[in-house]
Each structure stands twice: as structure tokens, then as C-alpha cells.
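Q: I have a protein model in front of me. Please show me how to read the empty spaces inside it.

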Amino acid sequence: MEQDLELYYYLRLVREFEDRVSKLHHQGRIPGGVYSGLGQEAVVVGAVYRLKSDDFIFPLHRDLGAFLVKGVDPNLLMAQIMGKKTGFSGGRDSFLHAGVLDRGVFGSTSMLASSLPVACGAALKFKIKKEPRVAVAFFGEGASSRGDFHEAANFAGIHKLPVIFVCENNFYAFSTPQSMQMAIEDVADRAAGYGFHGHVCSGNDLFAVIRAMEHAINQARRGDGPELIECKTYRYSGHSEHDMASYRTKEELIEWESRDPIQRYEFFLEKKGYDAAKIIAETGEKVKAVVDEAVKFAESSPEPEGPEAMEGLYATPV
Ligand SMILES: Cc1ncc(C[n+]2csc(CCOP(=O)(O)OP(=O)(O)O)c2C)c(N)n1
């Protein structure tokens, strides 16, 4: 009961947060790029939900929701997105490279897939220290055509690392359709070349993602090595807020909207005998209040002072 409702809360929170960030960006209240993950909520919720607090995640540009499910404070996340002094980087950066180490969230760099070898580094440390922890690295199907992905997968396979590669296959890398950048249908097939299993699931089916993650997490904690989980999904918005996504058809978008992960979950709640209408309304109010509060906190937070940009560039000499 509690878990059913908690999962629904996270799905709605991620959507509300993403949706608000897009609106704020349109109003000129957010500096920097915004890469909406609207439509992909079941992937981030499902991939993070079963992790423990000392497991690490390595999110990418479209994985704002992973921060929320990993327990990052929504107020601080919004402050980071708005470039405020109270954000994780003290206003030095946008969302894109944010990390929150005390929540086990690693920041990324701009080069696609560059965080995958870093995730392997973390997993190697877990293995050497015999810690039953896992590292979960997110990436798109586009990123899976870069060398970093292949080097990371090779290293993870050889050393049987406790790392889980979560591919969010939304069929487009910016405007490039999958068929123009890889000659196979499933990114999951790439895992076989490195000696571990690749699993394909619907990224719009929360329970399918959770089941795949449970299997992969248990395997990694047992010391039985990595897994690649490919979640087929779709982003409703363009690559970023300035992209009108004219490279895809309206019909295709409608087809995917009809497979919406949240509506699908609401159907599950109804089928299970919950008072779905009541839960939908109450959860809607709850997540709106959380996001309203986050916006209020971020907007009332101070801007960083100019000279602060020079702080934290070098390690303090011991
Ligand atoms: C090495 C590299 N090439 C190109 C880019 C520019 N770029 C940023 S996101 C993106 C699309 C990525 O597509 P995918 O990996 O499928 O993830 P998605 O955005 O669909 O979630 C591109 C081309 C980049 N950041 N790094």
C-alpha cells in the first residue's frame, strides 16, 4: 500500500518539477539550458527507487528526476537550476553538471558518456573494499555510440564490477534518429560483446524497470558483475527548450503520449481497488506544494558574488 503510493508520488513529483522548470525557463527565470525528461519519469523513478543511500548514481542532462528520488532536497535542486548561491555549486553552474555527493549523486561533464568510466571507477572501489554497494550510470542511446561507453562496458565486464548501465532509449540523439547512428535495434545487444547481460524493457512501465533493476542490483551486490538495462521510452519535448523537434511527426508523439507512464500507473492504482480519483487529486496538490516551495526558496536565495567564481578552483594545499 505505502509503496504503491510512494511510487506514484515520485512519478508525479518528477513530472511537476520538470514541467515547472520548463515553464520557468520560458519565462526567462532560469539561466542555462533545460533538457526536459517529460515522458521518461518511469525510468528515473524505477532505476533509483530500490537503491540504498550509499549507492552511487551518475545522472545525465535529462535525469533531474533521479536527484529527487535519491533524496536530494527539492529546494536546493531548484536553487542549483536557477544558479543561486544556495545551490550545490554555489551558483557557479546550471543543473547540467550538478552533483550531490552526500546523497550519492555524481556530477557529470558535458561530454556524452564520459561519466560511465567514472561510474566504473566507483564500482571498482566498491569491489576492492568489498563494500556491497552499486554504481548506476545513466546514458542515452546516442551516448552508447561513443567510445567512453565501450571502454566502460569492456572494463566493467572484465572486472565483473558492481555497475548497472541504464540506457534511456528515447530514439533520438538531439535530432538524429537511432537508425542513423547505430546499425542494430537494441542497445542491450552491445553488452554481449563485453561479457555481460543486456536486458530490454519498456521504460514507460514502472514495474518493468523496477523488476529489471532488482535483478541487476542483487547480481551486482553478490559480486556477479554488471548489467545493461535498456529502457525504451520517449521524450515529449524537444532535445532542449529551444528545440521544436520538427524532425519527428505529431502522430509519433501522440502514439507515445498514449503510453504515458503516469496514466499507466494510475490505471494500475484503479485496477488494484484504490480510490484513484482521490489519490490523483491529493498527490497533485502535494507535489505542487513541494515545487511551489522550491521555487519560492530558490527565487528568494541570493545571487553569488562575482569574486566567488574564483573560489574552489584548486585544492587547498595540505
Ligand atoms: C561527445 C558529445 N557529442 C555531442 C554532444 C552534444 N549533445 C548533447 S546531448 C546530445 C544528444 C544525446 O542523445 P542521447 O545520448 O540519446 O541522450 P538524450 O538526449 O536523448 O537523452 C548531443 C548530441 C555532447 N554533449 N557530447
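Q: How much space lies in the second largest cavity?
A: This is a predicted model. Rolling a probe the size of a water molecule over the atoms shows where empty space is left. Here, the second largest cavity holds about 30 Å³ of space.

Q: Which residues line the second largest cavity?
A: Val14, Glu18, Gly37, Gln40, Glu41, Val44, Arg62, Asp63 and Glu168 do. Helix 1 (2-26) and helix 2 (41-49) are the elements that each give two or more residues to this lining.

Q: How does the lining of the second largest cavity divide by class?
A: It has five charged, two polar and two nonpolar residues.

Q: What is the volume of the largest cavity, and how does its lining divide?
A: The volume of the largest cavity is about 90 Å³. Its lining has eight nonpolar residues, three polar and one charged. Among the lining residues are Val21, Ile30, Leu64, Ile81 and Phe95. Glu18 also lines the largest cavity, and Glu18 appears in the lining of the second largest cavity too.

Q: How many cavities of 30 Å³ or more does a search of the whole structure find?
A: It finds two.

Q: Now pockets. Which pocket does the ligand take?
A: The ligand takes the space of the largest pocket. The shell around the ligand has six nonpolar, six polar and three charged residues.

Q: Which polar atoms lie by the ligand's oxygen atoms?
A: A side-chain N or O atom of Arg62 is 2.7 Å from a ligand oxygen. For Gly142, a backbone N or O atom lies 2.9 Å from a ligand oxygen. Tyr172 also has a backbone N or O atom 2.9 Å from a ligand oxygen. The protein covers 75% of the 580 Å² of accessible area that the ligand has on its own.

Technical notes. Residues numbered from 1 in each chain as written. Predicted model: local features only at pLDDT ≥ 70, side-chain atom pairs only at ≥ 80, totals over all residues. Heavy atoms only, no water. Polar contact = N/O pair within 3.5 Å; in protein donor to acceptor, adjacent residues only side chain to side chain. Areas by Shrake-Rupley, 256 points an atom, 1.4 Å probe, with all protein chains shown as cover. 1 Å grid on protein atoms, 1.4 Å probe; cavity = no way out; pocket = protein on both sides within 12 Å on 5 of 7 lines; lining within 4 Å. Sits in = over half its atoms within 2 Å of the grid points. Nonpolar A, V, L, I, M, F, W, Y, C, P; charged D, E, K, R; others polar. Points joined across faces, edges and corners; volume = space filled by probe spheres on them. Helix = DSSP H or I, 4+ residues; strand = E, 2+ residues; numbered from the N terminus.
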